[in-house]
Amino acid sequence: MSERDSKKPVDNSRRNFLKQSIAIAGTVGGIAALGLSAPGFLRSAAYAAGSDAPEKAALKIGFIPLTDCASVVVAATQGFAAKYGLSITPSKEASWAGVRDKLNTGELDASHVLYGMMYGSQLGVAGPQKDMAVLMGLNQNGQAITLSKQLKEAGVTTGEQLAAHIKKGGNPLTFAQTFPTGTHAMWLYYWLAHHGINPFTDVKTITVPPPQMVANMRVGNMDGFCVGEPWGARAIHDKIGFTAVTTQQIWADHPEKVLGCSREFVEQNPNTARALVMALLDASRFIEASAENKKATAKLISGKAYVNAPAEVIEQRFLGHYEDGLGNSWQDQHAMAFCKDGSVNFPYHSDGMWFLTQFKRWGLLKDDPDYAAVAAQVNQTKLYSEAANALGLAVPSSPLRASTLIDGKVWDGSNPAAYAASFAIKA
């Protein structure tokens, strides 16, 4: 992109976005390739009527300025919410703690939120207890652990080199995550421990809101951080750090952000919750329908009202085009995904249970909870399945799935207590 092009104003109107996206869709076989009929896509036609009508049509949905808020922004601003009888006001929030508090009080009806944070709230870990609901997954993959240019200059570019550097002694290194029970904390702790580094005794860990990560590294407040895009890519763009590992290298197709709300909201507004899931599922598969749709979405969310970062910084990793700031580049086969025919979005019980195993591992929980029961309470698989079936998206036959993580351990949800106790490095 030329300097002149980069300064062109971004027109985020629904008309321009739809016009661009429909033209783009022709390259992948037209609107039918999006799984949407042209008339239904272009007009605001409510899905629900009569007894299925949303109990609450006007919603305030929170988000943090991260690339993976895309489906919320697209659903809210590009007609997908209206298609299902909803009006969404996207609310840009300053921190995950703020999101938690506003979900608890009802100031937000729902939010783009950290998976682990929902389970922390359910159990009263790192905040007040509140019965919560995970309506759907919003994305998989697409986060990264960044190390500072100072570590690079000291010859530290890998986890093994980092462990050796720490063992030499000196002032402890500082690493940042975004919330104590959040996904970024768990990816950071897991990766450090995989390399023999205890995240609570060998280094110092702090909590920093996602948009403040790059600025804090720039002034030397941290040696590394784990956060969602585009802030890993932005650190490379600004030449202050490099990607040591992507989170998909820790766990390919890992759970990440979810659409979360209080249990009370779902119980009082089941039709609204179902319509909201349908709107975001529709928006998610639209985003993934083509590379050009992804480019249009990256441009949309780059605006100040949303992520507030250069579109080209967002776009590259959005498209799976990775470089690590060390001279390596690749096309990532497990880049950030929003739908994949619904496989991204199903709220697997095992995904939620994994975060509980890590809470136990790191001493956030004193005793093993009833892992399966907590997951069954939080993850709204029945409601999600109703919404997915209405859109013709497949629903898995089991609420459990199996994955192999970076250390070779297999997680399948079958024996969470044994899994939590199996790690050499733990609290």
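In this predicted model, strand S6 (residues 174–177) runs parallel to S7, and four bridges hold the pairing together. If you would like a residue to anchor your view, pick phenylalanine 175, which stands opposite threonine 205 in S7. These two strands belong to an open sheet of five, ordered S7-S6-S8-S5-S9, in which the pairing is mixed. At its edges are strand S7 (204–207) and strand S9 (241–246), each of which pairs on one side only. From one strand to the next, the twist averages 25°. Helix H10 lies across S5, S6, S7, S8 and S9, and its direction makes an angle of about 145° with S6.

Now let us move to another sheet. Five strands, in the order S2-S1-S3-S10-S4, form an open sheet, again one with mixed pairing. Strand S2 (87–92) and strand S4 (132–137) each have a single partner strand, so one side of each is left without a neighbour in the sheet. Here the twist from one strand to the next averages 30°. Take a closer look at S4: five bridges join this strand to S10 (residues 257–262), and the two run antiparallel. Within that pairing, alanine 133 has cysteine 261 of S10 as its bridge partner. This sheet has a helix across it too: H15 (residues 270–287) lies over S1, S2, S3, S4 and S10, at about 30° to S4.

Next comes helix H18 (residues 349–361), which invites a quick check of its geometry. At 1.5 Å a residue, its 13 residues should span 18 Å, and the end C-alpha atoms are 19 Å apart, which agrees. How many of the residues of H18 are buried? The count is 12 of 13, so to speak a mostly covered helix. Among the buried residues are Trp354, Phe355 and Phe359, along with Asp351 and Arg361. What do they pack against? Their neighbours are helices H7 (115–123), H10 (183–194), H19 (371–378), H20 (381–390) and H21 (416–421), together with strand S14 (410–411). H10 is the helix you met lying across S6 and S7. After H18 comes glycine 363, with a positive phi near 80°.

Finally, a charged residue to inspect: lysine 294, in helix H16 (residues 291–301). This lysine is buried yet has no salt bridge. The nearest side chain of opposite charge belongs to glutamate 288, 5.4 Å away, whereas a salt bridge calls for a separation within 4 Å. Leaving aside residues up to four places away in sequence, lysine 294 touches Ile287, Glu288, Phe318 and Leu319.

Notes:
Residues are numbered from 1 along each chain as its sequence is written. This is a predicted model: local features need pLDDT of at least 70, side-chain atom pairs count only at pLDDT 80 or more; totals for chains, interfaces and linings use all residues. Side-chain values use heavy atoms; hydrogens and water are left out. Buried means under 20% relative accessible area, exposed over 50%, partly exposed in between (1.4 Å probe, protein chains only). Lys and Arg count as positive and Asp and Glu as negative; His and the chain ends are not counted. Contact means heavy atoms within 4.5 Å. The expected span of a helix is 1.5 Å times one less than its number of residues. Two strands pair if DSSP finds at least two bridges between them. Axes are lines fitted to C-alpha atoms, for helices over the stretch in contact, and angles run from 0 to 180 degrees between N-to-C directions.
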